[in-house]
Amino acid sequence: MKARLFVLLFVFFQIIVVKAQEYVHQVIVLNEGYFDYTLNQAVEPPTIGVYNPSTQSYIDIDTLYSARFASDLVIYGDYFYVAADNMLYKYDKNSYNLLGTQQVDGIRNIAVWNDKIIVSRGDYDNITFMPILFDSYLHLYNVSDLSLYSHIDTVNGPKWATQNLIIYNDKLYVAINNAYEWGNEKGIIGILDLNTLSYINEIDLGLNGVNPDNMMKSGDHIYTINNKDWSGSSISQLSLLNNSVSTID
């Protein structure tokens, strides 16, 4: 009887542990903000907030007054990193203290791999509405102090503005859309070998797959949501097994 009771208590304890591990402590929210490009002024600055599921309460923990917009947030270990306008931010995810910043002109999306933050880049002049040209559209920074680790230049890497990033099997899949140049949108997925930092391939999504605006991975495929020429949209499916592409409107 005692042995049976011990087993039941042990199983009950395991269930409690599993449930405790599955508990969501907090949800960190990045609010993009609203910048009026016609008036060249911020209407609503970007903010970072925290939602507590147990109390169903939400608070803002920081306001990025100097940023026109915010575009990405990733959690890594005890920290989270934010891409906003032309800055990369590092925060403690428990105290919410800002631990460091790094200026990165044109920063858009971020991903973390082996203690490195990978940054996609692209920007445009809101007066001329022409893209701002960079000599590199992919940067890598150290997670510890946000110092620049390396960059992939336009000779050996993407030649146009990049955006979304997906990491799979030590390879970086990056969406290349050049979305800031009207009438010259691109639809390319570039592949970077992260172990050697060599740019190994580019996959064309076709005429109906230009202007990829988001990427998601499911199983052996990457899916891109494409804005096309802004008059419609499409979804492309990229096979991670053979790099084949299919696109539907």
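**Exercise 1. Follow the ladder of strands 16 to 19.**
Start from this pair: Leu192 stands opposite Tyr199 in strand 19. Work outwards and describe how strand 18 and its neighbours are paired.

*Solution.* Before we begin, a word on the model: it is predicted, so local features need a pLDDT of at least 70 and side-chain atom pairs count only at pLDDT 80 or more, while totals for chains, interfaces and linings use all residues. Residues are numbered from 1 along each chain as its sequence is written, and side-chain values use heavy atoms, with hydrogens and water left out.

Step 1. Strands are DSSP runs of E with at least two residues, helices are runs of H or I with at least four residues, and both are numbered from the N terminus. Two strands pair if DSSP finds at least two bridges between them.

Step 2. Strand 18 and strand 19 (residues 198-204) run antiparallel and are joined by six bridges. Four residues lie between the strands of this hairpin, and Leu197 takes a positive phi near 55° there.

Step 3. On to strand 17: six bridges join this strand to strand 18, again antiparallel. Here Lys171 faces Asp193 in strand 18.

Step 4. Strand 17 also pairs with strand 16 (residues 162-168), in the antiparallel sense over five bridges. Lys171 turns up again, this time opposite Tyr168. The hairpin of strand 16 and strand 17 has two residues between the strands, and Asn169 in the turn has a positive phi of about 50°.

**Exercise 2. Find the largest nonpolar core.**
Which residues have the most contacts inside the largest nonpolar core, and which strand gives the most to this core?

*Solution.* Step 1. A nonpolar core is a set of buried Ala, Val, Leu, Ile, Met, Phe, Trp, Tyr and Cys residues joined through side-chain atoms within 4.5 Å. Buried means under 20% relative accessible area, exposed means over 50%, and partly exposed lies in between (1.4 Å probe, protein chains only).

Step 2. The largest core has 14 residues, and those with the most contacts inside it are Ile118, Leu138, Leu165, Leu172, Leu192 and Leu194.

Step 3. Two or more residues each come from strand 10, strand 14, strand 17 (171-176) and strand 18 (188-193). Strand 17 gives the most, with three residues. Strand 17 is also mostly covered, as five of its six residues are buried.

Step 4. Look around Ile118. Contact means heavy atoms within 4.5 Å. Leaving aside neighbours within four places in sequence, the partners of Ile118 include Trp113, His139, Leu165, Leu172 and Leu194.

**Exercise 3. Explain one buried residue.**
Why does Asp123 count as buried, and which side chains make polar contacts with the side chain of Asp123?

*Solution.* Step 1. Locate the residue: Asp123 is in strand 12 (residues 123-125).

Step 2. Asp123 counts as buried because its relative accessibility is 6%.

Step 3. A polar contact is a pair of N or O atoms within 3.5 Å; within protein, one must be able to donate a hydrogen and the other to accept it, and residues adjacent in sequence count only if both atoms are side-chain atoms. The side chain of Asp123 makes such a contact with the side chain of Arg108 at 3.2 Å, and another with that of Arg68 at 3.4 Å.

Step 4. Beyond four places in sequence, the contacts of Asp123 also include Asn86, Pro131, Phe134 and Tyr180.

**Exercise 4. Describe two open sheets.**
What is the strand order in the open sheet with edge strands 6 and 9, and what is the order in the one with edge strands 10 and 15?

*Solution.* Step 1. One open sheet of four strands has the order 6-7-8-9, with antiparallel pairing. Strand 6 (72-76) and strand 9 (98-103) are its edges, each pairing on one side only.

Step 2. Within that sheet, strand 8 (residues 87-92) pairs with strand 9 over five bridges. Leu88 has Gln102 as its bridge partner in strand 9.

Step 3. Another open sheet of four strands, also with antiparallel pairing, has the order 10-11-14-15. Its edge strands are strand 10 (107-113) and strand 15 (148-153).

Step 4. Strand 14 (residues 136-142) and strand 15 are antiparallel and joined by five bridges. Tyr141 sits opposite Leu148 in strand 15.

**Exercise 5. Judge the confidence.**
Over which residues does pLDDT stay under 50?

*Solution.* Step 1. pLDDT is the predictor's confidence in each residue, from 0 to 100. The protein chain averages 91, and 92% of the residues score at least 70.

Step 2. Residues 1-12 stay under 50, and the model has zero contacts for them beyond four places in sequence. Where pLDDT is low, the predicted coordinates should not be read in detail.
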